[in-house]
Amino acid sequence: MLNGMLETRHRSMSTFRFQNLSKQGRIDHFVSTRIGGLSSPPYESLNIGFHVGDTPETVLSNRARLAGNVRIPLSDFVVAKQVHSGTVTIVTEGMRGYGAMDLDTAIEETDATVTDVPHLCLTVLMADCVPVLFFDPRKRVVAAVHAGWRGTVKLAAQNTVNSLRENFSCDPADILVGIGPSIGPCHYEVGPEVISEVEETFGSTDGYINGESADGKGHFDLWEANKRQIIETGIPGQNIEVAQICTYCNPHLFFSERHQKGRTGRFGAGIMVSA
Ligand SMILES: [Zn+2]
């Protein structure tokens, strides 16, 4: 256990799962760590990002290890080129395996994916940004979102719920959400340019920005900002589990861009309908 998340150790690799999603049948999900891979510093060791300067062959080996560990064929993974947008893409059967083995085939320019196709593992990559996983047990639809500060103020998570409603007739009351490990309010200091965007989007900085200093800096609570925008769509607060795990506070376990001052690897979060 690390805060509320359930840990699975299998052949020297740890993965984490949300408690609320783990109680559900017919889905698989995971949050990977940086432990149990083959990459050298600064990507040690389970880096699954092709775009960060690591050797592609090693990244592919790491992904194969992770896929084996979570027992989901790598060819069923779907990965996007994340661009800190609020864009949501519906993933269809024809996109199976996009971005799984290389960067070229990754879905273009999106930070949120949604699907009702079984055995299609929607995967987001992080090193401080927030992974948000969604599951509607009634409609059997899943979604995965990557939200840094930009994606958070562009309402990527809220846009995803809107897509679930509009395209899959999901009732927000049914949807379960996991907000995963990312840089926490303890360590995410931001400047005035970010704070003004927060105020513009949310109408206030109360509860979003903590400990504002005289020079206009403050600590952005990405977990709260994502949770609140999800609650606004009608998803009950009790359906939303926040891992409360800060990547900066746990640099041995998760990649943290801030902690490693830029050059680092990526861990992943994935979710799929399994039956
Ligand atoms: Zn922290």
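Trainee: What makes both faces of strand 7 count as covered?

Mentor: On one side Cys121, Thr123 and Leu125 are buried, and on the other side Leu122, Val124 and Met126 are buried as well. A residue is called buried if 20 or more other C-beta atoms lie within 10 Å of its own, exposed if 12 or fewer do, and partly exposed in between, with the C-beta atoms placed from the backbone. In a regular strand the side chains alternate between the two faces of the sheet. All of this refers to a predicted model, in which local features need pLDDT of at least 70 and side-chain atom pairs count only at pLDDT 80 or more, whereas totals for chains, interfaces and linings use all residues. Residues are numbered from 1 along each chain as its sequence is written.

Trainee: Why is strand 7 described as largely enclosed by the rest of the structure?

Mentor: Strand 7 spans residues 121-126, and six of its six residues are buried, so the strand is largely enclosed by the rest of the structure. Strands here are DSSP runs of E with at least two residues, and helices are runs of H or I with at least four, both numbered from the N terminus.

Trainee: How do you know that strand 4 and strand 7 are joined?

Mentor: Two strands pair if DSSP finds at least two bridges between them, and three bridges join strand 4 (residues 77-79) to strand 7, the two running parallel. Among the residues involved, Phe77 stands opposite Cys121, and Val78 stands opposite Leu122.

Trainee: What joins strand 7 to strand 15?

Mentor: Five bridges join strand 7 to strand 15 (residues 267-273), and these two strands run antiparallel. Met126 of strand 7 has Phe267 of strand 15 opposite to it.

Trainee: Which order do the strands take in the sheet that holds strand 7, and what makes strand 1 and strand 4 its edge strands?

Mentor: Six strands form that open sheet in the order 1-2-3-15-7-4, with mixed pairing. Strand 1 (6-10) and strand 4 are the edge strands, as each pairs on one side only. From one strand to the next the twist averages 30 degrees, where axes are lines fitted to C-alpha atoms, for helices over the stretch in contact, and angles between N-to-C directions run from 0 to 180 degrees. Helix 2 lies across strand 1, strand 2 (13-17), strand 3 and strand 4, and runs at about 60 degrees to strand 2.

Trainee: How is the other order, 5-6-9-8-10-14, to be read?

Mentor: That order describes an open sheet of six strands, again with mixed pairing. Its edge strands are strand 5 (88-90) and strand 14 (240-242), each of which pairs on one side only, and its twist averages 15 degrees from one strand to the next. Strand 10 (residues 176-179) is joined to strand 14 by three bridges and runs parallel to it, with Glu241 as the bridge partner of Gly178. Helix 4 packs on this sheet, touching strand 5, strand 6 (112-115), strand 8 and strand 9, and its direction makes about 160 degrees with that of strand 9.

Trainee: Is Leu155 buried or exposed?

Mentor: Leu155 has 21 C-beta neighbours inside 10 Å, so it counts as buried. Leu155 lies in the loop between helix 3 (149-153) and helix 4 (156-168), and its phi is positive, about 60 degrees, although it is not a glycine.

Trainee: Why is Arg140 placed in the partly exposed class?

Mentor: Arg140 has 16 other C-beta atoms within 10 Å, and therefore it is partly exposed. Its phi, near 55 degrees, is likewise a positive value in a residue other than glycine, and Arg140 sits in the loop between strand 8 (130-136) and strand 9 (141-147).

Trainee: What does Thr205 touch, not counting residues up to four places away in sequence?

Mentor: Thr205 touches Ile195, Val198 and Glu199 on that count, a contact being a pair whose C-beta atoms, placed from the backbone, lie within 7 Å. The C-alpha atoms of Thr205 and Ile195 are separated by 7.4 Å, the two residues being 10 apart along the chain. Thr205 belongs to the loop between helix 5 (192-202) and strand 12 (209-210), and with 15 other C-beta atoms within 10 Å it is partly exposed.

Trainee: Which omega value goes with the cis peptide bond from Pro41 to Pro42?

Mentor: Omega is near 5 degrees for that bond, and Pro42 has its place in the loop between strand 3 (27-32) and helix 2 (56-70). The peptide bond from Glu44 to Ser45 is also cis, with omega near -15 degrees, and Ser45 is found in the loop between strand 3 and helix 2.

Technical notes:
Two residues are in contact if their C-beta atoms, placed from the backbone, lie within 7 Å.
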